[in-house]
Amino acid sequence: MREAVREIPLSRPWLDEREEELVVEVLRSGRLSLGPSIERFEQELAARVDAPYAAAVSSGTAGLHLLCRIAGLGPGDEVITSPLSFVASANCFIVEGATPVFADVDPVTLNLDPAAVEAAVTERTRAIVAVDMFGFPCELDAFRDIAERHGLVLIEDACESLGAEYRGRPLGAHGPSAVFAFYPNKQMATGEGGVVTTHSEEEWRLLCSLRNQGRSYDGGGGWFHHVRLGLNYRWTDVQAAIGLGQLEKLDRILELRTQAAQLYGELLEDLDGVEAPAPDDEGRRRSWFVYVVKLDEALDRNVVMDALRREGVATAEYVPCIHLQPYMRERFGFAEGLCPVAEGTAARTMALPFFTQIDHGDQERVVEVLRAAVSA
């Protein structure tokens, strides 16, 4: 009978007594929603990323959707985004009736290739949703230039990238509205939730209204005063309390994740057939969200992943191309060959266990199992 092996999870949030303490304070206050913890979180998060305004919402997806709603995207409009991302990067404007246009990615950074975006612009293009994939900042200056020349809205999907820096400043500080998310596998975890940062007071006021059923409290309006069509994209004070605790230790979270990534890089350095993520470059500092490796074309990814799982090492495909998802094929007729770099990458990449407090001994075991799997 085979002895059971201890499993190493793919991700795990770092929560401790501080988050418990802050949550208990909220529970005892009786203000579970629309309370002071949310406002405090928004102020601290905005200060952290050097943005003047922040609006907390129920998810990163909700934040992206609200920015698309504010941009007035709708039927007949085209929006360019990355095929190598989570589906929310496209769903956020498809639900408004706009049509997705996928531009291919850079083979090193895995972010949208600016040249491919430029080539995809048509007279119907209204916006670009640029993604900071796996925590690595996109070519923000290039996309700002494209957007300005063609009169496009630029939305930054930074849901995986809290704490990253572009040209010496944090993401969120550069002007375009950005969205961060706090799902449990993210750098900062609150269960669910997200935040939109903006440099426009008018946009911030719209965000606050749209997330709260279109209410407006200006001019003495109250709870049943709805001035526009809105949604219930509110966050809770319980989640905000967890977020405040996470913000207090965000520097340490980023430091530990960087150390874990560096150790993986060292352990994988001499492993043939396995390519580590691209390093930071002169203008960009990554915030480590997941640790995704690329396998050589000669290796069968399914075989490798099955070998890891048999040894208790969690792994997952990161990530399938959006345009090849079943609903995308059925609705828009997308097929293989549209974005060859993204498609080739998606077929060969896999995530290794990675989280803030991952044990270094466990990382060594992960690479040992991976080494055996690719050498079999």
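For sorting pocket linings, Ala, Val, Leu, Ile, Met, Phe, Trp, Tyr, Cys and Pro count as nonpolar, Asp, Glu, Lys and Arg as charged, and the others, Gly among them, as polar. By that scheme, the lining of the largest pocket splits into 13 nonpolar, five polar and nine charged residues. Keep in mind that this is a predicted model. Here's a quick tour of its pockets, cavities, strands and a few backbone oddities.

**Pockets**

- The largest pocket holds about 720 Å³ of space.
- Its lining is made of 27 residues, and those nearest the centre are W204, C208, S209, R211 and Y217. The elements that put two or more residues into this lining are α2 (36–49), β1 (53–57) and α7 (201–210).
- Next comes the second largest pocket, at about 480 Å³. It is lined by 27 residues, with F86, A88, E160, Y183 and K186 closest to its centre.
- For the second largest pocket, α3 (60–70) and α4 (88–94) are the elements giving two or more lining residues. The largest share, three residues, is from α3.
- Sorted by class, the lining of the second largest pocket comes out at 15 nonpolar, eight polar and four charged residues.

**Cavities**

- Three cavities of 30 Å³ or more turn up in the structure.
- In the largest cavity there is about 50 Å³ of space. Its walls come from L10, S11, N185, F289, V290, Y291, Y318, L352 and F354.
- Seven of the residues lining the largest cavity are nonpolar and two are polar, with no charged ones.
- The second largest cavity has about 40 Å³, and R12, P13, W14, P184, K186, Q187, A189, Q246, R257 and T356 line it.
- Charge does show up in the lining of the second largest cavity: three residues are charged, alongside four nonpolar and three polar.
- K186 is worth finding on screen, as it is one of the residues lining the second largest cavity and is also among those closest to the centre of the second largest pocket.

**Strand β2 and its partners**

- Strand β2 (residues 78–81) is covered on both faces, with E78 and I80 buried on one side and V79 and T81 buried on the other.
- β2 runs parallel to β3 (residues 99–102), and four bridges join them. Within that pairing, I80 sits opposite V101 of β3.
- To get from β2 to β3 the chain passes through α4, making a right-handed β-α-β crossover.
- β2 also pairs with β4 (residues 125–131), again parallel and over four bridges. Here T81 has V129 of β4 as its bridge partner.

**A three-stranded sheet**

- There's an open sheet of three strands in the order β7-β6-β11, paired antiparallel. β7 (169–170) and β11 (284–285) are the edge strands with a single partner each, so one side of each has no neighbour in the sheet.
- Two bridges hold the antiparallel pairing of β6 (residues 165–166) with β7. Y166 faces R169 of β7 across this pairing.

**Around E317**

- E317 is part of strand β13 (residues 316–317). Its relative accessible area is 33%, so E317 counts as partly exposed.
- Leaving aside residues up to four places away in sequence, E317 touches R301, M305, R309 and T349.
- Y53 is another matter: its C-alpha atom is 35 Å from that of E317, and the two residues are 264 apart along the chain.

**Backbone oddities**

- Some background first: most residues other than glycine have a negative phi, and most peptide bonds are trans.
- The peptide bond joining Y318 and V319 is cis, with omega at about -10°. V319 belongs to the loop between β13 and α11 (326–332), while Y318 is one of the residues lining the largest cavity.
- D50 isn't a glycine, yet its phi is positive at about 60°. You'll find D50 in the loop between α2 and β1, where it is partly exposed with a relative accessible area of 42%.
- F134, also not a glycine, has a positive phi of about 55°. F134 lies in the loop between β4 and α6 (140–150).
- Is F134 buried or exposed? With a relative accessible area of 5%, F134 is buried, since the cut-off for buried is under 20%.

How values were computed
Residues numbered from 1 in each chain as written. Predicted model: local features only at pLDDT ≥ 70, side-chain atom pairs only at ≥ 80, totals over all residues. Heavy atoms only, no water. Pairing = 2+ DSSP bridges. 1 Å grid on protein atoms, 1.4 Å probe; cavity = no way out; pocket = protein on both sides within 12 Å on 5 of 7 lines; lining within 4 Å. Points joined across faces, edges and corners; volume = space filled by probe spheres on them. Buried < 20%, exposed > 50% of the residue type's maximum accessible area, 1.4 Å probe, protein only. Right-handed = clockwise from strand over helix to strand, strands pointing away. Contact = heavy atoms within 4.5 Å.
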